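Grab a pencil and open the viewer. Here are a few exercises, each with a worked solution.

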Amino acid sequence: MKIQEKGKTPFLLIIFFLFLLLVGINAGEVSTVLETATRICLSCIGIG
Amino acid sequence: MLRRWIQVIATFLSNSYLLFPFTGNIYQGTLKSFCTPGLNCYSCPAATGACPIGALQNFMATLRPGLQAGYQHFGLYVIGTLGLLGSLAGRMPCGWLCPFGFLQELIYKIPSRKFAIPRVLSYVKYLVLVLFVFLLPFFITDEYGYGITWFCKFICPAGTLEAGIPMLLLKPELQSLIGILFYNKLFIMGFFLVWMVLSSRPFCRTACPLGAIYSLFNKHSVFRMTHDPGKCAHCKTCHQNCPMGVKFYESHNDTDCIRCLKCMNESCKFGAISYQIAGSKESSDQGFKGKAVARGQ
């Protein structure tokens, strides 16, 4: 029984994090990541 | 050998924007919408993806003003991405895909006296994750409610090496802006570079917040290591060869295991180490033991 539960855990985690990922995409977070990653943040890399 | 090639390819793919010497700028294409599986600074002139830790800090740092402005951006896209990778393979991206992990392995090959890392230091990375990636960017804010990316700004040696120094070379006019912040980061980078010669993967083991996130999934991921106590001779060869100092025979899905499979393919002669994918066990008999038999050893 315990082995069966342990076998299910990764798939429950996958479903949970897939759900979070889709919520994030739906909320427009992809464009926020793109915007952040395409700007050079000088203070972030220790300059300025 | 396969892992080494995958590390080379992953490092190249994460840093394949080779036009930066001509454009004088970082890559700004749509690939940067995607998070890289490893620690790779997105301000690196050659970077083609977004560093998940940098992106996560940015979400935390802008969460308050974002909520006030009606945006509900909690960083779920990044958390979802990392959670999915972790659920599938645990800390495997550290061992196979992370450019900074690869660099540490190469530097460790420099001949010198080698030192073990005390186990207690492996808990520091969780402190770094909680404090520098989540709490400080969220709670310490300016008058407008914006926080700063504490880990990137004060700690990340990958950022200094991949972005800080290259940007100074690419844009010499920035050299006038160098101050104590940069010298602090240079010191941290230098400290870790020296430590990388003396100890195996010191940054991964003690300070990497990305490794800390993946490590939480090691015991519950689809890909898991398995140990057969009946075949194990407790020779400790796996421990001696492990780049993360894991005692496999005591904890075969240890939070520090990066699933590099060095223990299975290059250490265990007894077939005691194998892995399973979704509960389906793969035998290690074709690994080191099989090769040794084939060689007549």
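The exercises below go through a helix, its salt bridges, the cores and one loop residue.

This is a predicted model, where local features need pLDDT of at least 70, side-chain atom pairs count only at pLDDT 80 or more, and totals for chains, interfaces and linings use all residues. Residues are numbered from 1 along each chain as its sequence is written, chains are lettered from A in the order in which they are written, and side-chain values use heavy atoms, with hydrogens and water left out.

**Exercise 1.** Work out which residues of α1(B) are buried, and what they pack against.

*Solution.* Start with the cut-offs: buried means under 20% relative accessible area, exposed over 50%, and partly exposed in between (1.4 Å probe, protein chains only). Helices are DSSP runs of H or I, at least four residues, numbered from the N terminus. Next, pick out the buried set in α1(B): B:Arg3, B:Gln7, B:Ala10 and B:Ser14. They cover an arc of only 70 degrees around the axis (taken from the directions from the helix axis to the C-beta atoms), so they sit on the same side of α1(B). Flip to the other side and you'll find B:Leu2, B:Trp5 and B:Leu13 exposed. Finally, the buried residues pack against α6 (92-96) and α7 (99-108) of chain B, with contact meaning heavy atoms within 4.5 Å.

**Exercise 2.** Find the salt bridges that B:Glu105 forms with B:Arg3 and B:Arg4.

*Solution.* The rule is a side-chain nitrogen of Lys or Arg within 4 Å of a carboxyl oxygen of Asp or Glu. For B:Arg3, the closest N and O atoms are 3.0 Å from each other. This pair ties together parts 102 residues apart in sequence, because B:Glu105 lies in α7 and B:Arg3 in α1 of chain B. For B:Arg4, the closest N and O atoms are 2.6 Å apart. Now check exposure: B:Glu105 is buried at 9%, while B:Arg4 is partly exposed at 24%.

**Exercise 3.** Where does the largest nonpolar core lie?

*Solution.* A nonpolar core is a set of buried Ala, Val, Leu, Ile, Met, Phe, Trp, Tyr and Cys residues joined through side-chain atoms within 4.5 Å. The largest one has 71 residues, and helix α5 (residues 76-89) of chain B gives the most, with six. Domain 1 (2-214) and domain 2 (222-294) of chain B, bounds that come from an automatic or database domain assignment, both give residues, so the core lies between them.

**Exercise 4.** Is B:Ser43 buried or exposed?

*Solution.* First locate B:Ser43, in the loop between α2 (20-23) and α3 (52-61) of chain B. Its relative accessible area is 1%, so B:Ser43 is buried. Beyond neighbours within four places in sequence, its contacts include A:Ile40, A:Cys41 and B:Met167.

Conventions. Helices (H or I, at least four residues) and strands (E, at least two) are DSSP runs, numbered from the N terminus.
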